[in-house]
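Grab a coffee and open the model in your viewer. Below are a few exercises to work through, each with a solution.

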Amino acid sequence: MFHRLSGNASNDLTRVQLFGSEKAGRHFHIPSHLATFCARTHLVLGAPEQLIAKTTVIPFFTRFRPTTVIRDTLAMLKGENAAGVPQMLSMGKIGPCQPLACRYCLECAHEEMLELNFSYWHRAHQLPGALVCHKHATPLIISPLQIGHRFLTRFIEPELGLISISPERCSNEIKATRATLLRLAILAKDIADCAFADGYDQPRLRRTFKKALNMKFSVGRTGGHDPLKLSSAYSDHFHDVQTVPEIQVIFNQRGVHALWCLLESIECRAHPLEWMLIIDWLFGSWDAFRICFLGTEYN
C-alpha cells in the first residue's frame, strides 16, 4: 500500500526506500532487512521482533523449536541475508505437496474492498493446514508458489495477483470436510498467534503429550501404549480429510513419527504441520493444549 500511495514509478525504488535494498521484499513468506525497515518507519509498526511475531508466518514455523533456532532466525531476518531460513525452519515441501502458497479468501477481500478500497494478505491464510478461511469457513483460493515465483519482481495485491484462479477449482475437494478444515484453520492461526513466554522445553513437552495420551488411551501392561492402536486412532480422527493433498502426505509419509521421537527423546526435525495435527488429535484445540502444557511442571 505504501508503494501505491507513494506514486513510485518502480518497485525497486520502493524497496530501497523501505528496506535499503532492491533485493528486499521479494520473498512472499520470508522478510529480510527488518532492522533497516523498522528504523526507516521509526518503529511506528513496531520493532523487528514485534513485526515477526504479529505479521509473518515465521512464528508458526518456530513453535516447538529450540531458542537457539529462534534467535538465529531473528538475527537473519533483521539483517541483509535471509538465505537458509526456509531450510532451517523446514518450510519447504512435504513430499509432493507444496504447503507454501499464496492463499486468499474472496469474502475477506470483498469486505476489505468495501471498507478500505483495497484488500490485503492475511497471515492466517498463508499457514500450512489452513485450507478454509478461519473467519468465513469458505475455501481459500490457493496458488502454489513455484520455485521461479517465490522471489517476486513486483508487489502483488490479492485481487490482482490471483484474479485468474477459479474459486470452484479450490473448493471441490473440501465441501464435505469443511468442519474439520475450519477447526484446523483456527488451530493454525492460534499456533502462529500465541507464544509461551518461557518457550517450549522439550522435557515439559514430553510430559504434556504423555499426560494427554494417558488420559485419552488406556495404558498397557508394560506401562506404555500400543503403537498400532494409536496410529489407527490417529488415522480415524482425520478420516474425512485424508484425501486432502496437504494433509494426506502427513499420513502417508509421517503419521505420528514426530510424537514417537519426542516420547523416546530422539531428535527429530518435524514440519510444524505434523505437530498441528497431533495437537488436534490429542487436545482438540490450542487452548486445551496450552492449559495442559502450562499445568505441567518444569524439570
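The exercises go from the whole chain to one helix, one pocket and a few single residues.

Before you start: this is a predicted model, where local features need pLDDT of at least 70, side-chain atom pairs count only at pLDDT 80 or more, and totals for chains, interfaces and linings use all residues. Residues are numbered from 1 along each chain as its sequence is written, and side-chain values use heavy atoms, with hydrogens and water left out.

**Exercise 1. Take stock of the protein chain.**

Step 1: list the secondary structure. You should get 17 helices and two strands. Helices here are DSSP runs of H or I with at least four residues, strands are runs of E with at least two, and both are numbered from the N terminus.

Step 2: look at burial. Of the 299 residues in the chain, 48% are buried. Buried means under 20% relative accessible area, exposed over 50%, and partly exposed in between, using a 1.4 Å probe and protein chains only.

Step 3: check the contacts, meaning heavy atoms within 4.5 Å. Among contacts with a separation of 6 or more, 69% join residues 24 or more positions apart.

**Exercise 2. Check the span of helix 12, then find what covers its buried residues.**

Step 1: work out the expected span, which is 1.5 Å times one less than the number of residues. Helix 12 (residues 202-216) has 15 residues, so it should span 21 Å, and its end C-alpha atoms are indeed 21 Å apart.

Step 2: look at its start. A side-chain oxygen of Asp 201 comes within 3.0 Å of the backbone nitrogen of Arg 204.

Step 3: pick out the buried residues. These are Arg 204, Leu 205, Arg 206, Thr 208, Phe 209, Ala 212 and Leu 213. Their cover includes helix 13 (227-237), helix 15 (257-263), helix 16 (272-282) and helix 17 (286-294).

**Exercise 3. Describe the lining of the largest pocket.**

Step 1: count the lining. There are 39 lining residues, and Met 1, Phe 19, Phe 28, Trp 121 and Phe 155 lie nearest the centre of the pocket. A pocket is an open set of points on a 1 Å grid over the protein atoms alone, with protein on both sides within 12 Å along at least five of seven lines; lining residues have an atom within 4 Å of a point.

Step 2: assign the lining to elements. Two or more residues each come from helix 1 (2-6), helix 2 (11-19), helix 3 (34-40), helix 4 (48-55) and helix 9 (158-161). Helix 2 gives the largest share, five residues.

**Exercise 4. Which residues other than glycine have a positive phi, and are they buried or exposed?**

Step 1: try His 33, in the loop between helix 2 and helix 3. Its phi is near 55°, and at 5% relative accessibility His 33 is buried.

Step 2: try Ala 137, in the loop between helix 8 (106-116) and strand 2 (141-144). Phi of Ala 137 is near 65°, and with a relative accessible area of 15% this residue is buried too.

**Exercise 5. What do Thr 177 and Thr 180 touch, leaving out residues up to four places away in sequence?**

Step 1: place them. Thr 177 sits in the loop between helix 10 (167-171) and helix 11, while Thr 180 is in helix 11 (residues 178-193).

Step 2: list partners. Thr 177 contacts Asp 240 and Val 241, and Thr 180 touches Asp 240 and Val 241.

How values were computed. Polar contact = N/O pair within 3.5 Å; in protein donor to acceptor, adjacent residues only side chain to side chain. 1 Å grid on protein atoms, 1.4 Å probe; cavity = no way out; pocket = protein on both sides within 12 Å on 5 of 7 lines; lining within 4 Å.
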